[in-house]
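Me: I should be grateful for a close look at one part of this model, with its surroundings described where they help. Please set out the reasoning wherever a conclusion depends on a cut-off.

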Amino acid sequence: MAEAQSRATTHHYKIDPEFKHELMRVPGGETFKYCYQCGVCTATCPIARFTEVFRPNKIIHMAKLGIREVLEDDTVWLCVVCYSCREKCPQGVEVADVIRALKNMAVENGCVPAAFKEFADNILKTGLAYNVPESRIARRSTLGLPQLPKTNLEDLKKLAEVTHLRKVIEE
Amino acid sequence: MADLQYALFLGCMIPYREGSYEISARKVANLLGIKLVDMPDSNCCGLPLDPANHEMATALAARDLCLAEKMGLNIITLCNGCASALTKTNKKLKEDRELKKKVNEQLKAIGMEFQGKIEVKHIAQVLTNDIGLDKLKSYVMRPLTNIIVAPYLGCHVFRPSNYMDVKNPESPSLLSDLVAVTGAQVVEYVDEFQCCGASEGSIDNKIPLILAREKIRNAKSAGAQIMVTLCPACHQTLDGNQPLIERTFQESYGLPVLHYTQLLGLAMGLSPDQLALNELRVKPAKFLETLAKA
């Protein structure tokens, strides 16, 4: 315990003053600059209630200070995007969008949780994020349901190219 | 009343695992005179990819919006996530010229252009605003007066409130009003407007289960006989995962979770079979017994 505490107090973060400018340029990241660390986002966050490692205000503070490690740390991926934080923020910080912007940056850096690779893969192969089993597709007609959409997959491939989706799939 | 014709955006989760929502929604819509036109070339709304690549998520939503524009119809969705992704993208593209220019530049690659001609509505909004609660009540043939319901609204149908346009976002009555129309009693419970824990992208397996467990336990201790949802992801979490939650926490709930369209369908006189109640993971046998006694 004492050892853990001393490690925590002696941990040195590298500060990168450019980081906040980078975040400002990512869609959704813009409003983080209005944060004055009142902590209401964390107080209202359902995830913060059940784990000590996730603190939205801490994530924003790290970003503001220029601690790039916020991207390497897995904690941003704990956000379930329920938007409770932005509803309560007295400063109008779009907290969930800022965290999304950080996730997008983490992906650019090569950190992609497996679920998103699968979503991207499924979307490009079927048009849908989940791979609906053949049996369920076949069952639709017996239930009197119309066929599932047949997406023009060439379209999706082109959109993936112009939005640089390969970062998600290739890493 | 406005022309009740919509482009039906099914999304991914419903055909994947929540067929009973689609079945019951189509049956109920048919009785209410809502015409649902399928979108044969649609794609995922983009929301699942948003955390990884916001630009692609936006482009996917924009493509669906363009398809509906071509059909000349407003979109109806059954899913909170799809409603949120499509509504937000639609509004952002209508309001932000720079963004519209950028996205249209991308859509050029597939010969489409966003024009901003349609609106996106969740089925709960269609029932509440386009049909109206009074009119909806006139379709109730069999009021469910002896049933106690805990509505679970979900998040994305009303948050972020600057986009979703739901009345009283601190304590929205969108779903409880719709449940009340069926004649059932509505109970309030602790944390009913908090996240159910549905999150495929979470890196933690346990926290989502804790969130779902809280809702189920709170609804149960408030006296609910069933829960009712508006979203396939919430339903998957509360109904589909209920046995897993029971195993994980060594508890037993047995609390059936119905899609709202199933509850409404029952009140409109449709049978449990017609509404695919047998497809629920937590079997609603006791609830159906209570219903039969009414």
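Reply: Helices here are DSSP runs of H or I with at least four residues, strands are runs of E with at least two, and both are numbered from the N terminus. The model is a predicted one. With those elements fixed, A:Val81 can be placed in the loop of chain A between α6 (69-72) and α7 (84-88). The phi angle of A:Val81 is near 60°, a positive value in a residue other than glycine. A:Val81 has 23 other C-beta atoms within 10 Å and is therefore buried, the cut-off being 20 or more.

A second loop of chain A, between α2 (19-25) and α3 (40-44), holds A:Gln37. Phi of A:Gln37 is likewise positive and near 60°, again in a residue other than glycine. A:Gln37, however, has 13 C-beta neighbours inside 10 Å and so counts as partly exposed.

The boundary between the chains comes next. In it, 49 residues of chain A are in contact with 45 residues of chain B. On the chain B side, the elements giving two or more residues are α1 (13-17), α2 (19-32), α3 (54-71) and α9 (206-221). The greatest contribution, six residues, comes from α3(B). By type, this side of chain B comprises 25 nonpolar, 11 polar and nine charged residues.

Helix α3 of chain B also helps to cover α5(B): the cover over the buried residues of α5(B) includes α3 and α4 (80-95) of chain B, together with α11 (153-162) of chain A. The buried residues in α5(B), which spans 97-107, are B:Val103, B:Gln106 and B:Leu107. Viewed down the helix axis, they fall within an arc of 100° and so line one face of α5(B). An α-helix has 3.6 residues a turn, so residues three or four places apart point the same way. B:Arg97, B:Glu98, B:Lys101 and B:Glu105 are exposed on the other side of α5(B).

Helix α2(B), named above for the chain boundary, also packs against α12(B), residues 260-267, with axes 8 Å apart and an angle of about 40°. The two helices are therefore oblique to each other, and their crossing is left-handed. From α2(B), the contact draws on residues including B:Tyr21, B:Ala25 and B:Val28, and from α12(B) on residues including B:Thr261 and B:Leu264. The contact residues divide into four nonpolar, five polar and one charged.

Lastly, chain B has a cis peptide bond between B:Arg159 and B:Pro160, with omega about -5°. B:Pro160 lies in the loop between β5 (148-152) and α7 (161-164) of chain B.

Terms used
Residues are numbered from 1 along each chain as its sequence is written. Chains are lettered from A and ligands numbered from 1 in the order in which they are written. This is a predicted model: local features need pLDDT of at least 70, side-chain atom pairs count only at pLDDT 80 or more; totals for chains, interfaces and linings use all residues. Two residues are in contact if their C-beta atoms, placed from the backbone, lie within 7 Å. Ala, Val, Leu, Ile, Met, Phe, Trp, Tyr, Cys and Pro count as nonpolar, Asp, Glu, Lys and Arg as charged, and the others, Gly among them, as polar. A residue is buried if 20 or more other C-beta atoms lie within 10 Å of its own, exposed if 12 or fewer, and partly exposed in between; C-beta atoms are placed from the backbone. The arc is that of the directions from the helix axis to the C-beta atoms. Axes are lines fitted to C-alpha atoms, for helices over the stretch in contact, and angles run from 0 to 180 degrees between N-to-C directions. Angles under 35 degrees count as roughly parallel, over 145 as roughly antiparallel, 65 to 115 as roughly perpendicular and the rest as oblique. A crossing is left-handed if the near helix is turned anticlockwise from the far one by less than a right angle, and right-handed if clockwise.
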